[in-house]
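Let's take a friendly walk through this model, one piece at a time. Keep the viewer open as you read.

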Amino acid sequence: MKEKIEALRTEIEAAMEQMQTGRALYELKVRFQTALKGIMSGMKDLAKEDRPAFGKIVNEFKQGMEEQFEARALVVRKMEMEEKYAKERIDITMPGKAYKAGALHPITLVKNELIDIFAGMGFKVFEGPEIETDYYNFTALNTPKDHPARDMQDTFYLAENLLLRTQTSAGQIRVMEKETPPIKILSPGRVFRSDDDATHSPMFHQMEGLVVDKGITLCDLQGMLAEFAKKMFTASTKVRLRPSYFPFTEPSVEVDLSCSECGGKGCRLCKGTGWIEVLGAGMVNRRVLENCNVDPDEYTGFAFGMGIERIAMLKYGINNIKTLFENDTRFLEQFEN
Amino acid sequence: MKAPFSWLKDYVDIDMTAQELAEKLFSCGFEVEELSYLGEKISRVVVGEVKSLTPHPDSDHMQICVVDCGEEYGRELQIVTGAPNVYVGMKTPCALDGSTVVESNPAVLEKNPDAVKKIKKGKLRGVESFGMLCSGEELGINDDFYPGAEVNGLLDLDKDTPVGEDIKKIVGLDDWIFDISITANRPDCQCIVGIAREVAAVIQKPFKEPDYSYMESKTNAKSIDVEVHAPDLCPRYVGHYVENVQGGVSPAWMRKRLALSGIRSISPIVDITNFVLLEMGQPMHAFDAEDLGDRKIVVRRAEKGEKIVTLDEKEFTLNSDNLVICDGKKPVALAGIMGGLNSGIKDTTKNVFFESAKFARDNVRKTSRALGQSSDSSSRFEKGVDAYTNGFGMARALHLIEELNCGTVTDMRRDICAANLTPRQMTASVAKINALLGIVVPNEEIINILTRLNFKPVLDGDTLMVEIPGYRDDIDGYPDLAEEIIRMYGYEHITPTFLDKAQVTGGGLTDEQKRELHLKNLLRTQGFSEAYNYSFYSPKDFDLMKLPQDAVERNAVKILNPISEELSLMRTFLAPSMLGNAVRNIRRGNDEGRQFEVANTYAPKNTAASEQPEENKHLVLGIWGGKNDFFDMKGAIERIAEVFHVAFTYERAEKSYLHPGVSANVLMDGKAVGCFGELDPEISNTLGLDKKVYLGELDLSALKAVMDDNVRYKNLPRFPAVKRDLALIADEALTCGQIEEVLLHSCKYVTEAKLFDVYRGGQVPEGKKSMAFTLTFTPDNQTEKAFTPETLDNFVKKILGNLKFKLGIELR
């Protein structure tokens with residue numbers, strides 16, 4: 001019997017070394033188990049007193065072999081995996097695959113960002129009509145018919161009294177007529193001026209902001225614009241006010257931001273001044289408040305208006321406004337985010 | 001507004017550089033757009049004296065000069081010149097070695113009008129020359145800068161000109177021109193005196209008034225009477241009679257001043273009117289008094305059809321919107337715009353009637369635009385001239401008549417004034433001014449600033465009393481004073497605060513605005529990029545799109561004054577713009593693309609043209625190139641329906657610009673809300689496109705009431721959905737939509753019926769097609785147990801029965 005066991009051990013151990021796959025190893029194990037069964041069936045021919053000793057030998061043999069099978073199985077599995085890894089190895093420098101989404105237009109991106117900044121400060125978004133009456137676009141904004149400030153803007157007329165709005169400020173009046181202070185609105189949208197050259201587009205976008213409440217000051221305007229500048233550009237962006245004129249604000253200011261390109265040292269973008277003109281603003285003119293039945297002795301306010309294209313061009317380094325309206329996919333797709 | 005530095009210095013002692021002054025002006029609201037140095041092109045050119053002349057041995061027109069340029073530059077410089085007018089003892093500009101002068105070669109100037117010529121020592125036909133003697137042209141000046149500058153030859157300088165002196169100082173080129181941007185509220189600063197007043201205030205120096213003094217002599221001339229019949233358009237008319245007018249030439253100082261402003265000297269009288277316009281901002285006119293019929297001036301509205309020929313010999317036919325100056329019989333000037341040819345001053349003019357008036361700015365502008373006639377005067381009047389300055393302008397002109405000794409100022413003075421010339425008084429609360437600014441400006445600063453600005457302030461407790469200067473029509477209320485104070489006090493004093501006193505408000509987008517953004521993002525994730533097109537297009541676009549003459553799209557709002565025909569109509573639909581984008585991209589080699597635009601269309605109301613048109617928001621989609629087809633476009637529209645919970649149905653469309661077999665209308669509740677499809681191949685041919693273009697357009701305004709992107713959670717079914725494929729044999733004429741309709745409505749558990757194959761030929765009979773669908777059966781919440789194969793068989797049996805009964809469809 002012992003010889004049989006040893007013979008089986010030698011045979012299986014030798015075969016096991018050759019096994020390269022889990023499948024073959026499994027088949028060998030089945031062969032071993034069958035042979036062992038055969039050996040064990042010979043036990044009945046043994047003397048009764050020899051049987052326990054023999055049983056012990058067989059058990060040890062079985063246990064030992066099973067351990068070997070397990071050990072070999074580990075080795076085989078590793079070999080198999082390595083082969084699989086090798087076979088499935090790819091050239092990881094080949095290009096990746098992605099589903100390409102489209103991109104929102106930079107005007108929308110900037111508009112959204114502005115809305116985010118100001119909505120957080122309590123501004124509601126109001127969109128007025130693009131075709132306006134002379135009253136809302138000019139007269140109510142303290143720019144009557146004979147006013148020279150009308151010359152500042154080349155207006156497209158549709159009828160004697162009807163025009164394409166030249167400024168989103170027109171929305172101010174519509175809001176103030178309907179609502180009572182406190183008012184904080186943001187009015188983005190298309191505006192139109194009869195100006196078409198290298199640096200002007202006959203259609204562009206503005207974002208108007210208006211705050212009317214008790215005790216609003218020029219310092220508040222400065223503070224709000226400082227916050228805007230920090231969020232829109234960088235934390236170190238500085239704001240500079242300088243006197244200007246708009247019929248619907250008094251005092252009126254031109255607002256410069258420290259140049260985002262050079263940080264104020266002076267470069268080509270800011271023409272060496274360190275400052276970039278970004279928007280116009282001021283304290284709402286008393287006559288404008290009166291036109292909307294808001295008591296100018298009780299309430300004050302400020303308004304600011306900026307060109308969205310201008311901000312987009314500064315932010316993204318776009319040097320030609322016309323590019324924004326050509327809708328070349330190679331341009332648009334750069335703004336995917 | 002262009003102001004020479006030298007001229008400003010006449011009225012203020014300016015003790016700073018031009019650059020420093022530009023910064024000061026900037027800080028108080030006067031942006032210097034350009035600060036240019038007149039002598040920029042001239043360097044190392046000094047006064048030289050010709051000491052001796054020898055003929056050039058190898059030239060019959062050149063001479064060798066020895067020139068004395070002073071101790072610093074050389075007492076004996078040898079310079080060769082070809083100028084015929086050179087002589088010993090001549091003082092003339094001498095460009096030294098390494099100098100620059102203005103280029104005078106027309107061939108070079110044609111390429112670069114600002115060219116500069118560099119002068120180096122060299123040999124001229126073998127003789128060394130250490131520089132060049134210059135003409136006036138080479139210094140870029142004319143006779144008005146320096147008499148004789150236009151002579152063909154060297155500039156012959158005065159005998160007492162010091163040698164070695166920088167020539168720019170001698171000929172008036174050592175000067176700066178401030179090009180200042182004047183805001184519309186400050187017409188008073190459209191002149192040298194106005195700017196000088198601001199300069200004085202900002203640099204805190206006294207302002208020296210121009211000399212307004214003159215003596216009147218008694219005249220025996222017959223009176224010229226002035227009547228103003230339209231005081232609303234002419235609030236003040238000042239006239240003055242000047243006798244014995246002399247011709248001749250204005251003095252050098254005046255000619256130079258005019259030259260610095262780009263105006264040629266003509267005659268003393270004309271020069272004075274131009275000078276007063278520049279200096280005082282008051283347009284003047286001079287009539288030849290002998291031409292005034294009936295010795296009368298009548299300011300009135302023109303009669304309809306009345307005619308005038310202006311000084312530039314153009315004839316205009318007038319109407320009652322135009323203001324004219326007439327004599328007793330006929331118009332002699334177009335008020336504020338230009339004088340008449342019949343009454344202008346001539347070489348023979350002996351007596352002049354001077355006019356200094358205020359004409360309403362809107363009327364001058366209107367007439368100027370309507371007639372297409374303008375002048376320096378009209379552009380000045382359009383900005384606003386104040387009645388206060390009328391008198392000072394006249395006084396200044398009369399003073400200059402005396403100073404130039406070119407006429408006798410008489411005692412015949414006319415002043416018809418409807419305007420109130422009494423200075424306006426105003427009181428304001430200092431507390432309110434400070435409250436508007438948000439800071440406290442010290443009282444003494446307020447008084448100091450307003451005094452400098454000539455407001456004669458008096459402070460009594462909180463009450464500030466001021467007298468508004470006659471030239472400051474723009475001052476209207478306390479905020480104007482606040483602005484005057486802060487622009488002088490300095491905006492750097494404004495410190496940021498954050499709405500300390502205001503109430504908290506809720507901000508953000510409305511639901512509708514949020515949905516628009518959601519829609520844009522939905523399209524973006526499907527590969528569409530966002531486009532922005534102009535809101536206007538061309539009437540030609542209608543023809544390109546093959547729109548019939550009675551198409552609603554042709555009823556567009558027209559711009560009365562468009563930039564061009566191409567940009568003259570407000571969009572009634574967006575498809576032409578999107579087609580334009582596709583064409584532009586394809587032509588640029590962007591072979592494949594997807595774009596969308598969300599924008600307003602404008603529909604005129606059928607009522608009055610003055611009514612605001614309806615603005616409807618549209619969405620336009622464009623797909624071109626690649627493997628895209630009709631169903632890519634349809635898929636995008638179906639996604640919109642899904643996300644915004646809108647039920648769309650589709651029917652075949654008939655749109656002039658879409659392929660009739662490959663286009664569909666989008667309907668909601670049976671009403672068309674849009675359409676999409678392949679661009680009509682004929683249009684594609686016209687445009688020479690080699691890629692297919694698909695266009696889609698939806699009226700978002702029509703959808704806004706039903707669009708809903710709120711998410712409502714539904715409990716998950718307890719049992720999984722099961723799919724079954726069915727291959728059906730259907731008549732060729734049946735559409736997928738018809739079959740789907742039956743599939744979806746024959747069993748309540750069918751939640752989706754998706755076509756995955758269409759097959760013709762083989763075992764499929766002629767005139768039929770095989771269509772394979774995947775049906776999804778989804779148990780609902782009432783379902784007690786998972787669907788068994790037997791249950792599904794029953795469902796399918798019922799569906800097939802319906803298909804056969806309703807559409808004659810058999811299972812394949």
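At what angle do the axes of helix α1 (residues 2-18) of chain A and helix α3 (residues 51-88) of chain A cross, and within what distance do they come? In this predicted model, the two axes come within 11 Å and cross at roughly 0 degrees. That makes α1(A) roughly parallel to α3(A), because angles under 35 degrees count as roughly parallel. On the α1(A) side, the contact is made by I5(A), R9(A), I12(A), E13(A) and M16(A), and on the α3(A) side by I57(A), F61(A), M65(A), Q68(A) and R72(A). Sorted by class, this contact has six nonpolar, one polar and three charged residues.

**Domains of chain A**

The domain assignment splits chain A into domain 1 (2-88) and domain 2 (106-335). Taken over C-alpha atoms, the centres of domain 1 of chain A and domain 2 of chain A are separated by 87 Å.

**A covered strand in chain A**

Next, have a look at strand β8 (residues 249-258) of chain A, where 10 of the 10 residues are buried. T249(A), P251(A), V253(A), V255(A) and L257(A) point one way from β8(A), while E250(A), S252(A), E254(A), D256(A) and S258(A) point the other way, and all are buried. In a regular strand the side chains alternate between the two faces of the sheet.

Strand β7 (residues 239-246) of chain A forms a hairpin with β8(A), with two residues between them. Strand β9 (residues 275-284) of chain A also pairs with β8(A), in the antiparallel sense. The table sets out these pairings beside two from chain B.

| Strand pair | Sense | Bridges |
|---|---|---|
| β7(A) and β8(A) | antiparallel | seven bridges |
| β8(A) and β9(A) | antiparallel | eight bridges |
| β14(B) and β21(B) | antiparallel | five bridges |
| β35(B) and β38(B) | antiparallel | two bridges |

To place the chain A pairs in your viewer, start from R240(A), whose bridge partner in β8(A) is D256(A). For the other pair, T249(A) has V284(A) as its bridge partner in β9(A).

**Where the chains meet**

How many residues does each chain give to the contact? Chain B gives 77 residues and chain A gives 72 residues. Helix α15 (residues 478-489) of chain B supplies the largest share of the side of chain B that touches chain A, with six residues. By class, that side of chain B has 31 nonpolar, 30 polar and 16 charged residues.

**Strands and helices of chain B**

Strand β14 (residues 284-288) of chain B is largely enclosed by the rest of the structure, because five of its five residues are buried. M284(B), A286(B) and D288(B) lie on one side and H285(B) and F287(B) on the other, and both faces are covered. D288(B) stands opposite V352(B) in β21(B), the strand that spans residues 352-358.

Further along chain B there is an open sheet of four strands, in the order β36-β37-β35-β38, with antiparallel pairing. β36 (750-759) and β38 (810-811) of chain B stand at the edges, each with a single partner strand, so one side of each is left without a neighbour in the sheet. Helix α22 (residues 736-745) of chain B packs on the sheet, touching β35, β36 and β37 of chain B, and its direction makes about 145 degrees with that of β36(B). Helix α23 (residues 789-807) of chain B lies across β35, β37 and β38 of chain B, running at about 20 degrees to β35(B). Between β35(B) and β38(B), I729(B) has E810(B) as its bridge partner.

Notes
Residues numbered from 1 in each chain as written. Chains lettered and ligands numbered in written order. Predicted model: local features only at pLDDT ≥ 70, side-chain atom pairs only at ≥ 80, totals over all residues. Domains from an automatic or database assignment. Axes fitted to C-alpha atoms, helices over the stretch in contact; angles between N-to-C directions. Parallel < 35°, antiparallel > 145°, perpendicular 65-115°, else oblique. Contact = placed C-beta atoms within 7 Å. Nonpolar A, V, L, I, M, F, W, Y, C, P; charged D, E, K, R; others polar. Buried ≥ 20, exposed ≤ 12 C-beta atoms within 10 Å, placed from the backbone. Pairing = 2+ DSSP bridges.
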